[in-house]
Amino acid sequence: MENNKKIIFSGIQPSGDLTIGNYLGALKNWVKLQDQYDCYYCVVDLHAITVRQEPKDLRKRTLEVLAIYLAAGLDPEKNTIFIQSHVSTHSEAAWLLNCYTYTGELSRMTQFKDKSKRYGEATVSVGLLDYPVLMAADILLYNADLVPVGKDQTQHLEITRDIAQRFNNLYSPTFTIPEGYIPEAGAKIMDLQEPTKKMSKSSDNPNSYILIMDSPDVIRKKISRAVTDTLGIVKYTDEQPGIKNLITIVSSITAMNPEEIEKKYEGQGYAQFKSDVADIIINELEPIQKKVNEFLSDKTYLESVYKKGAEKAYYISNKVLRKMQKKIGFIPKQ
Ligand code: TYM
């Protein structure tokens with residue numbers, strides 16, 4: 001029975017084209033979880049507007065992310081797949097949770113500090129500061145047990161837990177305290193040009209990331225340009241962050257462990273290794289890309305998926321929202 005299954009919630013922002021970081025750190029794992037858990041996977045468009053978005057790009061990317069979810073193997077019959085802005089309970093719950101969150105704890109978030117530095121203080125919106133509260137609302141509204149994300153989201157999960165605990169202590173048990181579910185390999189795919197930094201879809205340098213939709217030629221070029229070192233040994237070590245990152249990518253796609261990969265390339269230079277890395281990525285992404293394009297050419301189908309998803313998500317989350325409102329002391333509508 002679905003009701004006995006543990007609950008999972010996760011989402012990706014349609015704020016840029018998705019990278020293999022998003023794929024290996026999150027999406028690929030979601031697909032593995034869909035049979036065991038009751039999963040809610042959301043395209044978090046409300047989060048995307050915390051930095052300025054071109055309306056037509058946002059519309060296009062939102063559908064693209066949805067198509068990528070499906071193409072990567074998420075089955076809409078098994079999972080609840082929806083678009084965040086279609087389910088009004090998320091914004092409502094975020095407002096309520098705002099009143100149980102302190103500005104001090106939000107301004108300490110690393111991602112907020114990084115982004116405000118990047119975009120300049122004058123253009124930092126309240127939304128950017130408030131972003132983790134909306135994320136807490138996403139997760140708590142479904143009483144999620146597990147949240148499969150990459151390592152960069154750990155701090156946001158922690159604040160979610162703090163907010164939930166605070167609300168539970170103040171009133172009575174209302175929310176499940178969620179746990180992160182971070183993959184063993186692929187939790188942090190690094191930038192190809194600066195391999196000590198996380199690979200990010202918002203980077204200004206296209207050579208620093210591989211997009212899920214990059215063509216084989218582009219993937220080959222980007223991997224051949226990936227920064228390595230002069231040691232010439234394929235070794236999984238912090239001393240060689242570029243090579244370590246490429247090993248991580250191979251390891252999370254093929255399930256070979258780093259030692260096996262080191263062994264395979266013993267005595268060989270980087271040229272062969274890089275060429276194989278590119279092939280492995282291309283083999284993984286090509287079938288997905290084909291399906292993405294098929295889904296994108298069937299807007300009616302996509303619409304049926306997100307409509308059905310939003311209905312179910314609203315039904316489930318509204319029950320939790322009502323509970324929150326009642327505990328806070330609001331008068332019920334009817
Ligand atoms: P976002 O859109 O930045 O990233 C989506 C997912 O991809 C993971 N990720 C990575 N994993 C490994 N290596 C990388 N280089 C890399 N880059 C990104 C992220 O960890 C994430 O899992 N706040 C979230 C979206 C969100 C959410 C939620 C997630 C909103 N509400 C509720 C979980 C639950 C975000 O901005 O992810």
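At what angle do α1 and helix α10 pack, and how far apart are their axes? Keep that in mind while I set the scene. This is a predicted model.

Now the answer. Helix α10 covers residues 241-254. It packs with α1 at an angle of about 40°, and the two axes are 11 Å apart. Angles of 65 to 115 degrees count as roughly perpendicular, and those under 35 as roughly parallel. The α1 and α10 pair falls in neither class, so α1 is oblique to α10. What is the hand of the crossing of α1 and α10? Left-handed.

Stay with α1, and go to the ligand. Helix α1 spans 20-33 and supplies at least two residues of the shell around the ligand. So do β1, at 7-12, and α7, at 126-140.

How many residues surround the ligand? There are 27. The closest are Q13, Y131, D138, D152 and I189. By class, the shell divides into 12 nonpolar residues, 10 polar and five charged.

Next, the polar contacts. Start with the backbone. At G150, a backbone N or O atom lies 2.8 Å from an oxygen atom of the ligand. At M199, a polar backbone atom is 2.9 Å from a nitrogen atom of the ligand. Then a side chain. K201 places a side-chain N or O atom 2.9 Å from an oxygen atom of the ligand.

How much of the ligand does the protein bury? Taken alone, the ligand exposes 710 Å². The protein buries 98% of that.

To recap: α1 crosses α10 with a left hand, and α1 also supplies residues to the ligand shell. Thank you.

Conventions:
Residues numbered from 1 in each chain as written. Predicted model: local features only at pLDDT ≥ 70, side-chain atom pairs only at ≥ 80, totals over all residues. Heavy atoms only, no water. Near = heavy atom within 4 Å. Polar contact = N/O pair within 3.5 Å; in protein donor to acceptor, adjacent residues only side chain to side chain. Areas by Shrake-Rupley, 256 points an atom, 1.4 Å probe, with all protein chains shown as cover. Helix = DSSP H or I, 4+ residues; strand = E, 2+ residues; numbered from the N terminus. Nonpolar A, V, L, I, M, F, W, Y, C, P; charged D, E, K, R; others polar. Axes fitted to C-alpha atoms, helices over the stretch in contact; angles between N-to-C directions. Parallel < 35°, antiparallel > 145°, perpendicular 65-115°, else oblique. Left-handed = near helix turned anticlockwise from the far one by under 90°.
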